[in-house]
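Here are a few exercises to work through with the model open beside you. Try each task before reading its solution.

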Amino acid sequence: MALFDALLELADDHLVLGHRLSEWCGHAPMLEEDLAMPNMALDLIGTARTLYDYAGQVEGNGRSEDDLAYLRGEREYRNCLLVERPNRDFAHTMLRQLYFVAFMHPYWNAAAESSDEVIRGVAGKAVKEMAYHIRHAGEWVIRLGDGTEESARRMADAVDDLHIYTGELFEAGTETDDDVLPNRTALQPAWEATIDHVFGEAGLTRPIIPHPQTGGRTGLHGEDLGHMLMDMQSTHRAHPGATW
Amino acid sequence: MANEMPLWEVFIQPRNGLSHKHVGSIHAADAVLALQAARDVYTRRGEGNSIWVVPSSAITASDPDQAGENFEPGEKIYRHPTFYDIPEEVGHM
């Protein structure tokens with residue numbers, strides 16, 4: 001079941017970050033961002049849906065994408081800790097997005113060569129979406145980091161809060177056979193190059209964290225994920241099988 | 001906010017070979033973010049393949065009070081090219 005576990009890690013990353021972004025809907029600082037963030041959220045949730053559906057088939061127990069998304073508790077979620085961090089402010093949200101998509105862009109690029117047809121299909125679509133997310137989040141990190149005194153302080157706070165969670169992105173996770181999914185550890189130089197490029201323009205320094213915070217891949221999450229899942233899963237749990 | 005987030009007019013080209021067409025406006029701090037905002041607000045459903053953004057302040061508009069002298073030519077029917085016979089073979093012009 002290595003492939004099932006690996007697909008869940010990937011799908012959970014996308015669903016959790018997609019849900020976090022969707023929490024901004026109706027609350028964004030301006031109308032333009034109120035559309036941009038749900039756009040990006042739907043990109044991520046779309047990817048998660050395909051991966052859950054495929055994971056259900058691989059598992060072979062008849063579990064649907066909804067079963068996997070709505071009927072697992074937080075200890076069964078396999079997402080990395082970065083994506084579950086709360087939105088806090090716009091600086092935190094844009095930096096979290098940049099950290100994740102600067103990793104997923106080279107990941108999907110590599111996955112385009114996968115031996116698995118479904119993964120190749122997901123990668124072809126996701127790589128374009130990730131390129132746009134990097135541009136969007138990156139431009140905001142630059143403008144906030146190199147903006148007013150307050151925006152620079154908020155962006156620096158976001159780096160202080162979030163950077164400790166980035167090391168987990170490069171943990172191997174569940175390994176699969178036959179070059180189905182890329183090796184995460186090998187993607188670290190590409191990620192660092194993107195972050196350094198953005199940080200250079202933003203006037204930020206990439207911290208060196210000797211002991212990153214990890215645990216998400218084994219189901220050890222922060223308190224915030226439980227609250228988020230309660231919110232996300234409540235309708236489905238109250239009305240099992242509901243559709244609209 | 002008006003100073004930090006000026007208004008931009010958005011023009012979308014629906015297909016190669018067609019003109020860019022005004023579709024609306026957005027707020028953004030600078031030209032790069034204006035293009036991104038225009039992409040997010042106006043091209044969600046595959047509306048086009050090229051975007052222009054122009055600072056609204058760069059547009060000089062005609063004065064509505066001068067609409068009469070500008071736009072009401074009166075009975076100058078000779079300005080309409082209707083006094084020619086167009087050969088059948090030309091078809092629709």
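**Exercise 1.** In which sense do strand 1 and strand 2 of chain B pair, and over how many bridges?

*Solution.* Keep in mind that this is a predicted model. Start with strand 1 of chain B, residues 7–13: its pairing with strand 2 of chain B is antiparallel and runs over 6 bridges. Next, pick out individual partners. Trp8(B) lies opposite Ile26(B) of strand 2, and Phe11(B) has His22(B) in strand 2 as its bridge partner.

**Exercise 2.** Work out the strand order of the sheet in chain B.

*Solution.* Begin with the other pairing of strand 1: 6 bridges join strand 1 to strand 3 of chain B, and these two run antiparallel. One bridge pair here is Gln13(B) with Ser50(B) of strand 3. Putting the pairings together gives an open, antiparallel sheet of 3 strands in the order 2-1-3. Strand 2 (21–27) and strand 3 (50–55) of chain B are therefore the edges, since each pairs on one side only, where pairing takes at least two bridges. On average, neighbouring strands of this sheet are turned by 30 degrees against each other, direction ignored. Finally, add helix 1 of chain B (residues 31–42), which packs on the sheet and touches strand 1, strand 2 and strand 3; its direction makes about 125 degrees with that of strand 3.

**Exercise 3.** Which side chains of strand 1 of chain B point to the buried face?

*Solution.* Recall the general pattern: in a regular strand, side chains alternate between the two faces of the sheet. Now apply it. Trp8(B), Val10(B) and Ile12(B) point to one face and are buried. Leu7(B), Glu9(B), Phe11(B) and Gln13(B) point to the other face and are not buried.

**Exercise 4.** Which residues have the most contacts inside the largest nonpolar core, and which helix supplies its largest share?

*Solution.* This core has 64 residues, and Leu98(A) and Val141(A) have the most contacts inside it. Several helices of chain A each supply at least two of its residues, including helix 1 (2–22), helix 2 (31–59) and helix 6 (117–145). The largest share, 14 residues, comes from helix 5 of chain A. Then look around Leu98(A): beyond four places in sequence, Leu98(A) touches Ile134(A), Ala137(A), Gly138(A), Val141(A) and Val198(A). A second, separate core of 10 residues includes Ile12(B), Ala28(B), Ala34(B) and Val53(B).

**Exercise 5.** Describe where chain A meets chain B.

*Solution.* First, count: 9 residues of chain A are in contact with 12 residues of chain B. Second, locate: helix 2 and helix 6 of chain A each supply at least two residues of the chain A side. Third, classify: that side has 3 nonpolar, 2 polar and 4 charged residues.

Notes. Residues are numbered from 1 along each chain as its sequence is written. Chains are lettered from A and ligands numbered from 1 in the order in which they are written. This is a predicted model: local features need pLDDT of at least 70, side-chain atom pairs count only at pLDDT 80 or more; totals for chains, interfaces and linings use all residues. Helices (H or I, at least four residues) and strands (E, at least two) are DSSP runs, numbered from the N terminus. Axes are lines fitted to C-alpha atoms, for helices over the stretch in contact, and angles run from 0 to 180 degrees between N-to-C directions. Two residues are in contact if their C-beta atoms, placed from the backbone, lie within 7 Å. A nonpolar core is a set of buried Ala, Val, Leu, Ile, Met, Phe, Trp, Tyr and Cys residues joined through C-beta atoms within 7 Å. A residue is buried if 20 or more other C-beta atoms lie within 10 Å of its own, exposed if 12 or fewer, and partly exposed in between; C-beta atoms are placed from the backbone. Ala, Val, Leu, Ile, Met, Phe, Trp, Tyr, Cys and Pro count as nonpolar, Asp, Glu, Lys and Arg as charged, and the others, Gly among them, as polar.
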